[in-house]
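Good morning, colleagues. I should like to take a few minutes to walk through one structure. Please look at the display as I begin.

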Amino acid sequence: MAYVIAEPCIGTKDTACVDACPVDCIHPSKRESEYETAQQLYIDPVECIDCGACVPVCPVSAIFAGDDLPDKWKQYAEINAKHYGR
Ligand code: SF4
C-alpha cells in the first residue's frame, strides 16, 4: 500500500518530501501554480514505489506507510488518491 500524507501537512506544506521522492509522485511542488491554493500535499498511490524516503524529511511527521496510518487519519488514503483521480 502506498504512502499517505495526513493532517499535519495542512497549513505546513513544507515540500522537503517533494525533493526526496525519487519518482516525483508528491504534488503540488512550490513550482506548481496549484501550490498556493492546495490545502496539503498529496502522494499519487499508483506512482509511489513505497521507498519511504519522504518520511524522515517531513518536519511535522505527516507521512505514513498506508498500513501504518493512525486510525484518526485513515481517510487520508482516499484524500491522497482522489487528488489524482485514482
Ligand atoms: Fe515518493 Fe518513496 Fe515517499 Fe512513495 S514512499 S511518496 S515513492 S518518497
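The ligand occupies the second largest cavity. Please bear in mind throughout that this is a predicted model.

I begin with the surroundings of the ligand. The shell around the ligand consists of 13 residues, and the closest are Cys21, Cys48, Cys51, Gly52 and Cys54. In character, this shell comprises 12 nonpolar residues, 1 polar residue and no charged ones.

With cysteines among the closest residues, one may ask how many disulfides there are. The count is 0 disulfides. As a general reminder, a disulfide is a covalent bond between the sulfur atoms of two cysteines.

Two of these cysteines may be described further. Is Cys54 buried or exposed? Cys54 has a relative accessible area of 8%, which is under the 20% limit, and therefore counts as buried. Cys51 has a relative accessibility of 44%, between the limits of 20% and 50%, so Cys51 is classed as partly exposed.

I turn now to the aromatic residues. The model contains 1 aromatic pair. The pair is formed by Phe64 and Trp73, with ring centres 5.8 Å apart and planes at 50°; this angle lies between 30 and 60 degrees, so the pair is tilted. Phe64 and Trp73 are both buried.

Trp73 also has a charged partner: the charged end of Lys72 sits over the Trp73 ring, 4.6 Å from its centre. A further arrangement of this kind involves Lys13, whose charged end sits over the ring of Tyr35, 4.6 Å from the ring centre.

Thank you for your attention.

Key
Residues are numbered from 1 along each chain as its sequence is written. This is a predicted model: local features need pLDDT of at least 70, side-chain atom pairs count only at pLDDT 80 or more; totals for chains, interfaces and linings use all residues. Side-chain values use heavy atoms; hydrogens and water are left out. A residue is near a molecule or strand if one of its heavy atoms lies within 4 Å of it. On a 1 Å grid over the protein atoms alone, a cavity is a set of points where a 1.4 Å probe fits but cannot get out, and a pocket is an open set with protein on both sides within 12 Å along at least five of seven lines; lining residues have an atom within 4 Å of a point. A molecule sits in a cavity or pocket if more than half of its atoms lie within 2 Å of its grid points. Ala, Val, Leu, Ile, Met, Phe, Trp, Tyr, Cys and Pro count as nonpolar, Asp, Glu, Lys and Arg as charged, and the others, Gly among them, as polar. Rings of Phe, Tyr and Trp (its six-membered ring) pair if their centres lie within 6.5 Å; planes under 30 degrees apart count as stacked, over 60 as edge-to-face and the rest as tilted. Buried means under 20% relative accessible area, exposed over 50%, partly exposed in between (1.4 Å probe, protein chains only). A charge sits over a ring if NZ of Lys or CZ of Arg is within 6 Å of the ring centre and within 35 degrees of the ring normal. A disulfide is a pair of cysteine sulfur atoms within 2.5 Å.
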